[in-house]
Amino acid sequence: MTTPSPDLDLVRSLEERALNAWPAQQSALCGGWLLRLSEGYTKRANSANPLHPTADFAEMLRLVEDFYARHGLPPIFRITPLATAGATEALEQAGYRMVDPTLLMTMPLAAADRPAHDVLIQPTATPEWSNGFTQANRVPLAAQAAHERMLAAITMPAAFATLMDQGRPVAYGLAVAENGMVGLFDIVVAPEARQRGAATRLVNGLLGWGKTQGANSAYLQVTATNLAATALYRKLGFNTFYHYHYWIRS
């Protein structure tokens, strides 16, 4: 049975929201592709992303490679359903390989309240949140300054959440609201607190915050190989809307 193609207008609106929610330090719009730069921290913020692709992909491939070479970074393509037809075949022929297949999952927010016990939500990344998150998520020391600058660049309403357990912070997450939707990012639980419902409590707290911002649906991005996380999100009501993946030099 063939999987139906997703609504590209809705894909584009989700892509725009996600790009706003995780801003790059610098960007350039070329041939309908958004080329993002953030000192090499995360592929998401240092990759070429299709939005309204108009250029021939062979020309775009050359342009992207030249662009990232000038900035001392490897070229990375993030291929979504918006990419030009034949892009993946062209990348494979050019010596690239696919990595990190990822799911974009969505869910409607029901009218019922979601409990948010012990979830502390703040509008900015406090030093306590940043320090706890970088430790729990093992952000390399060399990347922490870039991470801080990216968080500070978020322009949409944001929620930096900390889950407290017996007075101790055990989980962290970020939500960003825009135009009726809330996106969840960087849900991380300290190793000693895993498999005890912490992620569910944290996500519910962020979804509840999203509703206070006027959101009627939610989205998130999760690596397809993270089976524990995808199972949790499906249990909470999320379903896969589309897939994307990265292409890097072999």
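Colleague: Where is Glu39 found?

Modeller: In this predicted model, Glu39 is found in the loop between strand S2 (33–37) and strand S3 (48–50), and its phi is near 60°, a positive value in a residue other than glycine.

Colleague: Why is Glu39 called partly exposed?

Modeller: The relative accessible area of Glu39 is 48%; buried means under 20% and exposed over 50%, with partly exposed in between, so Glu39 is partly exposed.

Colleague: What makes Thr42 partly exposed?

Modeller: Thr42, found in the loop between S2 and S3, has a relative accessible area of 25%, and because the buried class is under 20% and the exposed class over 50%, that value puts Thr42 in between, as partly exposed. Thr42 also has a positive phi of about 70° although it is not a glycine.

Colleague: How do you know that Tyr219 is buried?

Modeller: The place of Tyr219 is in strand S10 (residues 217–223), and its relative accessible area is 1%, which is under the 20% that buried requires, so Tyr219 is buried. Tyr219 and Ala175 are 44 residues apart in sequence, and from C-alpha to C-alpha they are 9.8 Å apart in space.

Colleague: Why is Thr134 called buried?

Modeller: Thr134, which lies in helix H4, has a relative accessible area of 8%, and since buried means under 20%, Thr134 is therefore buried. Leaving aside its neighbours within four places in sequence, Thr134 is in contact with Val139, Gln144 and His147.

Colleague: What makes H4 oblique to H5?

Modeller: The axes of H4 and H5 come within 12 Å and cross at roughly 130°. That angle is not under 35 degrees, nor over 145, nor from 65 to 115, so H4 counts as oblique to H5. The crossing of H4 and H5 is right-handed.

Colleague: Which residues of H4 and H5 meet?

Modeller: From H4, Trp129, Ser130, Phe133 and Thr134 meet Gln144, His147, Glu148 and Leu151 in H5, and by class this contact has 3 nonpolar, 4 polar and 1 charged residues.

Colleague: Which residues of helix H5 (residues 144–152) are buried, and how do you know that they line one face of the helix?

Modeller: The buried residues of H5 are Ala146, His147, Met150 and Leu151. Seen down the axis of H5, these buried residues fall within an arc of 135°, so they line one face of the helix. What covers them includes helix H4 (127–136), together with strand S7 (158–165), strand S8 (168–178) and strand S9 (181–189).

Conventions
Residues numbered from 1 in each chain as written. Predicted model: local features only at pLDDT ≥ 70, side-chain atom pairs only at ≥ 80, totals over all residues. Heavy atoms only, no water. Buried < 20%, exposed > 50% of the residue type's maximum accessible area, 1.4 Å probe, protein only. Helix = DSSP H or I, 4+ residues; strand = E, 2+ residues; numbered from the N terminus. Arc of directions from axis to C-beta. Contact = heavy atoms within 4.5 Å. Axes fitted to C-alpha atoms, helices over the stretch in contact; angles between N-to-C directions. Left-handed = near helix turned anticlockwise from the far one by under 90°. Nonpolar A, V, L, I, M, F, W, Y, C, P; charged D, E, K, R; others polar.
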